[in-house]
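Hi,

Here is the structure I promised to pass on. Have a look at it first, and then read my notes underneath.

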Amino acid sequence: MVVVNLLKGSTALLRTYGGGGTSFRCQIKPNRSRDFVKWKNRPLSQSPLRISLRSCKCTSAPIDSPSSSVIRETASSPACSGDDVVDMLVMKDSANTLDMRVGVIVKAWRHEEADSLYVEEVDIGEPQPRIICSGLVKYVPLDHLQDRKVVVLANLKPRNMRGVKSSGMLMAASDASHENVELLVPPEGSTPGERIWFGSEEEKENLPDAASPNQIQKKKIWELVQPHLKTDAYCVVALGGNVMRTSEGVVSCRSLRNANVS
């Protein structure tokens, strides 16, 4: 059951993820106690319920398993106004212009000029491995990086990091205090170079082209999307109700629940 309390004249989008015709129940309550809409046992194959909102509170609970959980997509704050409300459909389209790829770390070493940085060679399906610098020294032992599958954000502008040109970013989850950081884990069987997206399995065939590094920077796409990337109660990465996935399944982290992703 999902309950969303909303003010008059506002919008929200409720979705689920999962498959096999899974259905769920939800109840939409306007602030006035009279007049509410119930959405009951609606199959996943049908389009999501969309409601306008300016201010909302949303609570959600799983039905039976991670693959059929109820996910919420609402404003990020209990009280937000007009233009501050995030349209998660637009957000998802923007997120899917990020060129996120399955990668494999083929070699890693400590940066000679920066104690907090590793340098990695990462195979993302290109003729040559990418060189990427990551600030993981405090969180991940060096020997845990070798031959590890990772998620790479590949269409950022290269950055010079203490003399090493870094061409991409390893994506990770972190708790609120940033004391614990875990690399994102592609599902078993994912192929290096495979594109990662947000949404359903069927949406793979209709993904937008990846933006250029210049477009990512100019439109601030990463800055727009990143604050809304979280892990859920099952450590699965999602943008609102749109899970991060490859053709083999969903992307997750090892143990950080309700964590930030960057």
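**What turned up**

Met-171 is a good place to start: leaving aside residues up to four places away in sequence, it touches Met-100, Val-151, Leu-153, Leu-183, Leu-184, Trp-222, Leu-229, Met-244, Val-261 and Ser-262. Before you go further, bear in mind that this is a predicted model.

Those contacts lead straight to the nonpolar cores. The largest one has 29 residues, and the members that touch the most others in it are Met-171, Leu-184 and Met-244. At least two residues of this core come from each of α1 (88-95), β8 (100-110), β11 (149-153), β17 (195-198), α3 (221-225) and β19 (237-239). Apart from that core there is another, with 17 residues, including Ile-132, Val-137, Val-152 and Leu-170.

For the overall picture, the chain has 22 strands and three helices. Of its 262 residues, 45% are buried. If you take the contacts between residues at least 6 apart in sequence, 66% of them join residues at least 24 apart. The chain exposes about 13,600 Å², and 47% of that is supplied by carbon and sulfur atoms.

Now the charged pairs. How many salt bridges does a search of the whole structure find? The count is four, and I'll go through some of them here.

- Asp-99 and Arg-101 meet through their side chains at 2.6 Å, N to O. Asp-99 is buried, at 12% relative accessible area, while Arg-101 is partly exposed, at 24%.
- Arg-130 and Glu-126 form a salt bridge at 2.8 Å, N to O. Here the arginine, Arg-130, counts as buried with 16% relative accessibility, and Glu-126 counts as partly exposed with 34%.
- Arg-254 and Glu-182 pair up at 3.4 Å, again N to O. Arg-254 sits in the loop between β21 (249-250) and β22 (260-261), and Glu-182 in strand β16 (residues 181-183), so this salt bridge ties together parts that are 72 residues apart in sequence.

Is each partner in that last pair buried or exposed? Arg-254 is exposed, with a relative accessible area of 68%, whereas Glu-182 is buried, with 9%. The cut-offs behind those words are under 20% for buried and over 50% for exposed, so Arg-254 and Glu-182 fall on opposite sides of both.

Finally, some backbone angles you may want to check. Most residues other than glycine have a negative phi, but I have a couple of positive values to show you. Lys-220 has a phi near 55 degrees, which is positive although the residue is not glycine. You'll find Lys-220 in the loop between α2 (213-218) and α3. Asn-258 also has a positive phi, near 50 degrees, and is likewise not a glycine.

Where is Asn-258 placed? Look in the loop between β21 and β22, where Arg-254 of the Glu-182 salt bridge lies too. Asn-258 is exposed, at 59% relative accessible area.

If you only have a few minutes, I'd open the view on Met-171 and its contacts, and then turn to the loop between β21 and β22 for Arg-254 and Asn-258.

Cheers

Technical notes
Residues are numbered from 1 along each chain as its sequence is written. This is a predicted model: local features need pLDDT of at least 70, side-chain atom pairs count only at pLDDT 80 or more; totals for chains, interfaces and linings use all residues. Side-chain values use heavy atoms; hydrogens and water are left out. Buried means under 20% relative accessible area, exposed over 50%, partly exposed in between (1.4 Å probe, protein chains only). Helices (H or I, at least four residues) and strands (E, at least two) are DSSP runs, numbered from the N terminus. A nonpolar core is a set of buried Ala, Val, Leu, Ile, Met, Phe, Trp, Tyr and Cys residues joined through side-chain atoms within 4.5 Å. Contact means heavy atoms within 4.5 Å. Accessible areas come from the Shrake-Rupley method with a 1.4 Å probe; for residues, only the protein chains shown count as cover.
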